[in-house]
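Visitor: I would like a close look at a single part of this protein. Please take one helix, and then show me what lies around it.

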Amino acid sequence: MARRPLIAGNWKMHGGRADLDKLRMIREATRRRICETTDVLVCPPATLLAHAFEALEPKVAVGGQDCHFAASGPYTGSISAPMLADSGARYVILGHSERRSGCGEDDALVARKVAAAWSAGLVAIVCVGETEAEHAAGRTLAVLREELTGSLPSGATGDNTVIAYEPIWAIGAGRTPTPDEIEKIHHAMREHLSHRIGEPAARAVRLLYGGSVKPENAGEILAIRNVDGALVGGASLNAEDFIAICRSVPEPAAAPPRGGLE
């Protein structure tokens, strides 16, 4: 099954209205050839969502970086999925390691947020990834299976869900797994999803790689089998770098498999 690539930029807690020119640059650079074959997404801070929607539409999508599990209520400082949708968002990042570790979010809470995103018509980008200690102990696949099982409520499809694998030890560190490791991990996630949600739905779900993606390594990473795009952190704050990563997406026929997996 051909899955449309997705390049998503996560601005995290960066950016103000002075940075809207970066978004306009991204829109103009990608709106022709790139956006004809690739979905491009920018997830700015919530204060910029409405401005970003105006600057990027109609070709480049806007997404939120988190949402509350409730549609509304007495949750001071929180943002609901319907609020994100009302601001023009089409996607929302959920379960990012920085929220799992820094805000104490567990799989059960992530699953509630995913369900809330679906109810609001948003596509949930569900993040999973292992720590350096778990990686060193050979527990990467076990950790990912646990997180995928606990973070996905029933009803996941290719239309409402994207999975982003972000090894925690690689985020912002300038380190990445080897191409063979990334392929093995993405293959294993696809297999797990096949058991979890059925093979047809699993084939349709896009699997992104994230963790120190930059123009210099994007082409190699995006050519790996079962890598359907990238979740880009720091490099997405630089318009030229983000555009270069978008341009690194190979043509469908130019992404040969790297070989079989055990």
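Guide: What follows starts at one helix, H8, and then moves outward to other parts of the chain. Keep in mind that this is a predicted model.

Start with helix H8. It spans residues 140–151, which makes 12 residues. From its first C-alpha to its last, H8 reaches 16 Å. That is close to the 16 Å expected at 1.5 Å a residue. Now look at which residues of H8 are hidden. Thr140, Val143, Leu144, Glu147, Leu148 and Ser151 are buried. They cover an arc of only 130 degrees around the axis, so they sit on the same side of H8.

What does that buried set pack against? Its partners are both helices and strands. The helices are H5 (97–102), H6 (107–119), H7 (132–136) and H9 (179–197). The strands are E5 (123–128) and E6 (161–165).

Take two of those partners in turn. H6 comes first here. H6 has 13 residues and reaches 18 Å from its first C-alpha to its last. The expected value at 1.5 Å a residue is 18 Å, and H6 is close to that. Its buried residues are Val110, Ala111, Lys113, Val114, Ala116, Ala117 and Trp118. H8 is among the elements that cover them. So are helix H4 (81–86), strand E4 (91–94), H5, E5 and E6. After H6 comes Gly121, with a positive phi near 80 degrees.

Next is H9. This helix has 19 residues. H9 reaches 26 Å from its first C-alpha to its last, close to the 27 Å expected at 1.5 Å a residue. Its buried residues are Pro179, Ile182, Glu183, Ile185, His186, Ala188, Met189, Arg190, His192 and Leu193. They pack against H8, E5, E6, H10, E7 and H11. Just after H9, Gly198 takes a positive phi of about 95 degrees.

One of those H9 partners, H10, covers residues 199–204 and holds Ala204. Is Ala204 buried or exposed, or in between? Ala204 counts as partly exposed, because its relative accessibility is 25%. Compare its place with that of Pro177. The two are 27 residues apart along the chain, and their C-alpha atoms are separated by 24 Å.

Now some backbone angles. Most residues other than glycine have a negative phi. Ser212 is not a glycine, yet its phi is positive, about 60 degrees. Ser212 sits in the loop between strand E7 (206–210) and helix H11 (215–222). Its relative accessible area is 15%, so Ser212 is buried. Asn226 is not a glycine either, and its phi is positive at about 75 degrees. The loop between H11 and strand E8 (229–232) holds Asn226. Asn226 counts as buried, because its relative accessibility is 14%.

Follow the chain past E8. Ser236 lies in the loop between E8 and helix H12 (239–247). With a relative accessible area of 2%, Ser236 is buried. What does Ser236 touch, leaving aside its neighbours within four places in sequence? Its contacts are Gly9, Asn10, Trp11 and Phe242.

Finally, turn to another pair of helices. Two packed helices are described by the angle between their axes and the distance between the axes. Helix H1 (residues 20–30) and helix H3 (residues 49–56) have axes that come within 8 Å. The axes cross at roughly 35 degrees. This crossing of H1 and H3 is right-handed. On the H1 side, the contact is made by Leu20, Leu23, Arg24 and Arg27. On the H3 side, it is made by His51, Ala52, Glu54, Ala55 and Leu56. The residues of this contact divide into 5 nonpolar, 1 polar and 3 charged.

H1 also holds Asp21. Asp21 counts as exposed, because its relative accessibility is 53%. Asp21 and Ala52 are 31 residues apart along the chain, and their C-alpha atoms are separated by 9.8 Å.

One last stop comes after H3. Most peptide bonds are trans. The bond from Glu57 to Pro58 is cis, with omega near 10 degrees. Pro58 is in the loop between H3 and strand E3 (61–64).

Key:
Residues are numbered from 1 along each chain as its sequence is written. This is a predicted model: local features need pLDDT of at least 70, side-chain atom pairs count only at pLDDT 80 or more; totals for chains, interfaces and linings use all residues. Side-chain values use heavy atoms; hydrogens and water are left out. Helices (H or I, at least four residues) and strands (E, at least two) are DSSP runs, numbered from the N terminus. The expected span of a helix is 1.5 Å times one less than its number of residues. Buried means under 20% relative accessible area, exposed over 50%, partly exposed in between (1.4 Å probe, protein chains only). The arc is that of the directions from the helix axis to the C-beta atoms. Contact means heavy atoms within 4.5 Å. Axes are lines fitted to C-alpha atoms, for helices over the stretch in contact, and angles run from 0 to 180 degrees between N-to-C directions. A crossing is left-handed if the near helix is turned anticlockwise from the far one by less than a right angle, and right-handed if clockwise. Ala, Val, Leu, Ile, Met, Phe, Trp, Tyr, Cys and Pro count as nonpolar, Asp, Glu, Lys and Arg as charged, and the others, Gly among them, as polar.
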